Every structure is written in structure tokens, then in C-alpha cells.
Amino acid sequence: MSTFNVGDTVMHFREGLSHITEIRRMNEKDYFIIRVVRDESEIIYVPVDTASAVIRHISTREEADELVLFIRDIKPEYITNTKQRRDGFKRRLGSGNIRDLAFLARQLYFFTHPNEIAVPVKFGPADVEMLKFATTTMYDELAISYNVNRNEIEELFLSKIRAA
């Protein structure tokens, strides 16, 4: 039995913030029809019986507050082997776990604020794109968790990290 319902806003592990718009029966199997927020024309068919393998519920406000404490303790990490680093980033992006997204977002923060760490972190353009996607996805979710406008969430989140 699925814990998801039509009308739910969910996080799709690879596509980000999404809405379940309907359930459709095809070939004797039920599918959630999911529309991706960043591109409403994108439709994803997710089998109802295995939905939790690719989508999850949005974090609650309490879970978002716990994330603030978690993200503060993340240290800069730089793997010099490009393939290993990118594979690790891809693994975290595909996990669907908000803490993995937070880890990647924190790495982008270190990259963009090199004066705040002892040894500046250096990434290539592909790395930065993955980190930006993770950060955007995390902020999209947190805007819903905190029930604030998406444009306000970055500063709210950073202020919570500083205050924690």
C-alpha cells in the first residue's frame, strides 16, 4: 500500500520537486503520474507499488531544523580523482536523501566561500553544476518545509545555520 496520494508534493530522486497529479492504470498496473515543478511539461510514470524507490515525502519543519544542525558539522571534502569525485556526487544526487543533498550544497558553499576554509576547494564546471542542482533541490524542498517563499529560503536557511 502506498503512502503517497494524488495532490502530494514529493521529491523525485533525480528530478527534484514534483507533484503527484493522478493515478493511471496501464497494463494492469497502477502508476502515479508525476509532474516535475521545474518543467511542468515533464511527466514521469512511477509504479504505485514501488514509488518509495524513486520519490519521498517533503521534509517536515522539524526534519528541516535537524538538517540545520547536521549541515553545520559537514566539513569540506575534496577528492582529487575526478571520476571518483563525480561518481560520489552522482551517487548522493540519486539517493534522494535530503542529507546527501545538504552535503553537496555545503560543498558548493565551501567552493563559493573559499575565505571561510583553510584550504580552498576546487571543482570543475561539471562538479559545480551537480552541486548547484543539489542546492536548488534542497532549497526547493526547504521552502515548502518552512512554508516560505522560494526566494527567501536561502537567507533563512543560512541564518539558521549561523544561529544554531
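Guide: Two strands count as paired here if DSSP finds at least two bridges between them, and strands (E, at least two residues) and helices (H or I, at least four) are DSSP runs numbered from the N terminus.

Visitor: OK, and what kind of model is this?

Guide: This is a predicted model, where local features need pLDDT of at least 70 and side-chain atom pairs count only at pLDDT 80 or more, while totals for chains, interfaces and linings use all residues. Residues are numbered from 1 along each chain as its sequence is written, and side-chain values use heavy atoms, with hydrogens and water left out.

Visitor: Let's start with the sheet, then. What is the order of its strands?

Guide: The sheet is open and has five strands, which lie in the order E4-E3-E2-E1-E5 with antiparallel pairing.

Visitor: Which ones are the edge strands?

Guide: Those are strand E4, covering residues 39-47, and strand E5, covering 55-57, and each of them pairs on one side only.

Visitor: How much are neighbouring strands turned against each other?

Guide: On average the turn between neighbouring strands of this sheet is 45°, with direction ignored.

Visitor: Take me across it from the E4 side. How many bridges join E3 to E4?

Guide: Strand E3, which spans residues 29-36, is joined to E4 by six bridges, and the two run antiparallel. If you want a place to look, find Tyr31, whose bridge partner in E4 is Pro47. The connection between E3 and E4 is a hairpin that passes through two residues.

Visitor: And how many bridges join E2 to E3?

Guide: Eight bridges hold that antiparallel pair together, and within the pair Ile20 stands opposite Ile34 in E3. E2 and E3 also form a hairpin, with two residues between them.

Visitor: Which residue in that turn has a positive phi?

Guide: That is Asn27, which sits in the turn of the E2 and E3 hairpin with a phi of about 50°.

Visitor: What about E1, how does it run against E2?

Guide: E1 runs antiparallel to E2, and four bridges join the two strands. Val10 stands opposite Ser18 in E2, and the hairpin formed by E1 and E2 has three residues between the strands.

Visitor: That leaves the other side of E1. How many bridges does E1 share with E5?

Guide: E1 and E5 pair over three bridges, again in the antiparallel sense, and His12 stands opposite Ile55 in E5.

Visitor: Which helix packs on this sheet, and which strands does that helix touch?

Guide: Helix H4, made of residues 125-145, packs on the sheet and touches strand E1 (9-12), strand E2 (16-26) and E5, where contact means heavy atoms within 4.5 Å.

Visitor: What angle does H4 make with E2?

Guide: The direction of H4 makes about 80° with that of E2. Axes are lines fitted to C-alpha atoms, for helices over the stretch in contact, and angles run from 0 to 180 degrees between N-to-C directions.

Visitor: Changing topic to the aromatic side chains: how many aromatic pairs are there?

Guide: The count comes to six aromatic pairs, on the rule that rings of Phe, Tyr and Trp (its six-membered ring) pair if their centres lie within 6.5 Å, with planes under 30 degrees apart counted as stacked, over 60 as edge-to-face and the rest as tilted.

Visitor: Pick one I can look at. What sort of pair do Phe89 and Phe123 form?

Guide: Phe89 and Phe123 form an edge-to-face pair, with 5.6 Å from centre to centre and 65° between the planes.

Visitor: And where in the chain do those two residues sit?

Guide: Phe89 belongs to helix H2, which covers residues 82-95, whereas Phe123 lies in the loop between H3 and H4. The pair links distant parts of the chain, as its two members are 34 residues apart.
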